[in-house]
Amino acid sequence: MSFDLVEGGGPARTASGPVIEADDLRVWYAGPTGPVKAVDGVTFSLRPGEILGLVGESGCGKSTLGRGLLGLLPDGAARDGALRFRGDDMLTLRRKEQYQLRGSQLGMIFQEPLTRLNPLMRISDHFSETLKTHEKGLSKREIEERSLEALRVMGIPPTRFKAYPHEFSGGMRQRLMIALALVLRPAFVVADEPTTALDVLVEAQIIRILHDLRETYETSLLLITHNLGIVAEACDRVAVMYAGKIVEIGPAREVFANPQHSYTRELLRSTISLSTTGLNFIDGAPPDLSDPPSGCHFHPRCPDAMAVCATRDPVDRELPAGTRVACWASDLRHGTVTLSESERAPLQKEEIALADEA
Amino acid sequence: MASSSSGSLPRYIAVRLLLVIPLIWVLLSVVFLLLRVAPGDPVSAAGGDRLDADTLAQRREAAGLDRSLFAQYLSYLGDVAKFDFGSTFRTQTPVLEIVRDFGGATLTLTLGAFLIALLIGLPLGRLAGRFRDTPLDVGIRLYGVVSYAAPLFWVGILLVVLVNKLDPTWPTNGIADPFILATSDTYTKTHIFLLDTLIAGDTDAFTDVLKHHLLPCLTLGILLSGVIVRLVRINVIQALKGDYVEAARARGIPEGRVVRKHAFRNALVPVITVIGLQVALTMSGAVLTESTFGWPGIGTQLLKYIGERDYIAVQGIVTFFAVIVVLTSVVVDVVNAVVDPRVRY
């Protein structure tokens, strides 16, 4: 990609190329009624030290995308398209090479810290196992030094090094998971809702830690979250995902200030703040990913839906502000497309017809 | 803080051992009551209808059976505390002597069977769990079902026929060659035949006894292995779905190690518990195996005394079985505590 989407967000590192590049990436897996298109043509890239927030409802394929980037796929799943790590295609790698990349270059932080550590293994064993796997020939002493350093950064006292996972609180366990993911200094880390299971104070602490990673390790981060506040606070850019596709991606400030896609706008309206007087929600639920709606996947729930939305796929367009969006309504507003009268007509929805009958 | 885990294992074991005392007490009480609830008493069972009422009453008095249930219970507990489990009615053999003379053979039989069951069950179950739904898995599952469902005596007879075909000289009955058995009085150090011949340094006798062990142990072991295969398989599958397994994969830990260190070890926790419960099954299985192979074990003795309605002997032998089960549960709990640091008091 020659086009630079970031305006001054992360530290300027013009010399180095993107750490990770997904181009029309698809992750499909076998479902009971045909392939489930959990990730269906996703394109984005991340530069060193950059933090990209990934938001969207549950069941939109966010977690599948996060895992797919690391090659952690469920049985019967397959990846297609292009996925490059520092320019090298990862989809053609052999199994063993994938395992080697995982942990050392690509890290993952999970949602539920309580169940992510092996309950039968000491923390020290988790660390030495991880270090030994990727850096052969480390001495016992080096392993301990590296581990304790990672723990120190996460604020965990060295006296707890030999303890078992169940002896830690949820917040501490998430910090342990982060330390474990970072002990090998991966260039890219996926954090899949890292604070969902934690209380608010711990959440702030974890977000601060993740935010500081780029200063400490120059780590690029894909931060999957439901919490738009976290994105506003911690992310350089934000990608909005709906039904397996990225519908809008751009600088976090720009996307929040001027959401282009109707889904982004509705999602932002659904957030709760002190000034909230009534709850906003989007009618309906994300579609069945094995049989998504035609055209724009969001059209059955979209308040701005036009006739064209149900028939033709919207096209990715880059806006001057640095946002890339796939939405007919946005195209119309920006005059990047001319639609006929009938195509512009508001979409008659089945739900409405049903409501009239009732 | 950090020492709370390592320091509490000895404490756990100590507490667990102390708990054996009330457990045994409850157990003795249950055995005592069960046999008193059953109709009839040893005197009428032994003397039959040939004795008149006065003689029966006399004998009851001599045996202390005319006292109140509570008094009998107390004297029973008192006797047990002195390791006196009473004597058989007919021959006046102390029950403890029966347990001593025949328990050893049952012990080596069950231990051998367990060893075989674990050697077959653990690796097969792990393979089946890891390569789920492959032909390998289907084959192993089939083995698990068949070996568990097949009647024990039938498997035993099949094995005897098979071994006879392969090596007609291989022993298929009893615990030792009759000539060795004739000198068995010299092997009385531990009253466990296998150990005694070993301690005596009599290699010929030892290998002979060992050879005699193979078929009964294999028969009982195959039965047990079926349960273990299925149990390990399902728990490995369950553990492989665990969050920590995915997390380990995300750290790039090789799949072999993920299965071995993460999935298999965690799968063992429930398996250990159920294996402990299997001890009771093995005990009843031992009774059947012993009668199939003419094994001079305590199971055959139990059958004999049940036939003779010798309540005292049955009570003593059942107590022996129950104590073994209690002790096994202690061993199981300790093993569990060693494997799983969360198991602490």
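I take two residues to be in contact when their C-beta atoms, placed from the backbone, lie within 7 Å. The model I am reading is predicted.

**Entry 1: Asp79(B)**

I started with Asp79(B), which I found in helix 6 of chain B, residues 69–81. Setting aside residues up to four places away in sequence, I list Asp84(B) and Gly86(B) as what Asp79(B) touches. Buried or exposed, then, is Asp79(B)? I counted 12 other C-beta atoms within 10 Å of Asp79(B), so I enter Asp79(B) as exposed.

I also looked up the domains of this chain. The assignment for chain B gives domain 1 as 39–84 and domain 2 as 95–308. I noted 40 Å between the C-alpha centres of domain 1 of chain B and domain 2 of chain B.

**Entry 2: chain A overall**

I tallied 13 helices and 12 strands in chain A. Along the principal axes, the C-alpha atoms of chain A fill a box of roughly 75 × 45 × 45 Å. I compared the radius of gyration of chain A, 22 Å, with the value near 21 Å that a compact globule of 358 residues would have, and the two agree. I put 45% of the 358 residues of chain A down as buried. Of the contacts in chain A with a separation of 6 or more, 68% are between residues 24 or more positions apart.

**Entry 3: the two domains of chain A**

The assignment for chain A gives domain 1 as 20–253 and domain 2 as 280–285 + 292–357. Taken over C-alpha atoms, the centres of domain 1 of chain A and domain 2 of chain A are separated by 33 Å. I found nine residues of domain 1 of chain A in contact with 10 residues of domain 2 of chain A. Which element gives the largest share of the domain 1 side? I traced six residues of that side to strand 10 of chain A, residues 245–251, and this is the largest share. By type, I sorted the residues on the domain 1 side into five nonpolar, one polar and three charged.

**Entry 4: Glu254(A)**

I placed Glu254(A) in helix 8 of chain A, residues 252–257. I counted 17 C-beta neighbours inside 10 Å, so Glu254(A) goes down as partly exposed. Beyond four places in sequence, the contacts of Glu254(A) are Ala321(A), Gly322(A) and Thr323(A). I also checked Val238(A), 16 residues from Glu254(A) along the chain; the C-alpha atoms of the pair are 9.4 Å apart.

**Entry 5: the nonpolar core**

I looked up the largest nonpolar core and recorded 160 residues. Which residues have the most contacts inside this core? They are Leu223(A), Val240(A) and Ile317(B). Helix 12 of chain B, residues 203–240, supplies the largest share of this core, with 18 residues. I followed Val240(A) further: leaving aside neighbours within four places in sequence, the residues in contact with Val240(A) include Val55(A), Gly56(A), Ile246(A), Val247(A) and Glu248(A). On the same list of contacts for Val240(A) I have His261(A), Tyr263(A), Thr264(A) and Leu267(A).

**Entry 6: a sheet in chain A**

I read out an open sheet of four strands in chain A, in the order 2-1-4-5, with antiparallel pairing. Its edges are strand 2 (34–46) and strand 5 (88–89) of chain A, each pairing on one side only. How many bridges join strand 1 of chain A to strand 2 of chain A? I noted 10 bridges between strand 1, residues 20–31, and strand 2, which run antiparallel. I closed with Arg26(A), which stands opposite Asp40(A) in strand 2 of chain A.

Notes: Residues are numbered from 1 along each chain as its sequence is written. Chains are lettered from A and ligands numbered from 1 in the order in which they are written. This is a predicted model: local features need pLDDT of at least 70, side-chain atom pairs count only at pLDDT 80 or more; totals for chains, interfaces and linings use all residues. Helices (H or I, at least four residues) and strands (E, at least two) are DSSP runs, numbered from the N terminus. The radius of gyration is taken over C-alpha atoms; the globule rule is 2.2 Å times the number of residues to the power 0.38. A residue is buried if 20 or more other C-beta atoms lie within 10 Å of its own, exposed if 12 or fewer, and partly exposed in between; C-beta atoms are placed from the backbone. Domain bounds come from an automatic or database domain assignment. Ala, Val, Leu, Ile, Met, Phe, Trp, Tyr, Cys and Pro count as nonpolar, Asp, Glu, Lys and Arg as charged, and the others, Gly among them, as polar. A nonpolar core is a set of buried Ala, Val, Leu, Ile, Met, Phe, Trp, Tyr and Cys residues joined through C-beta atoms within 7 Å. Two strands pair if DSSP finds at least two bridges between them.
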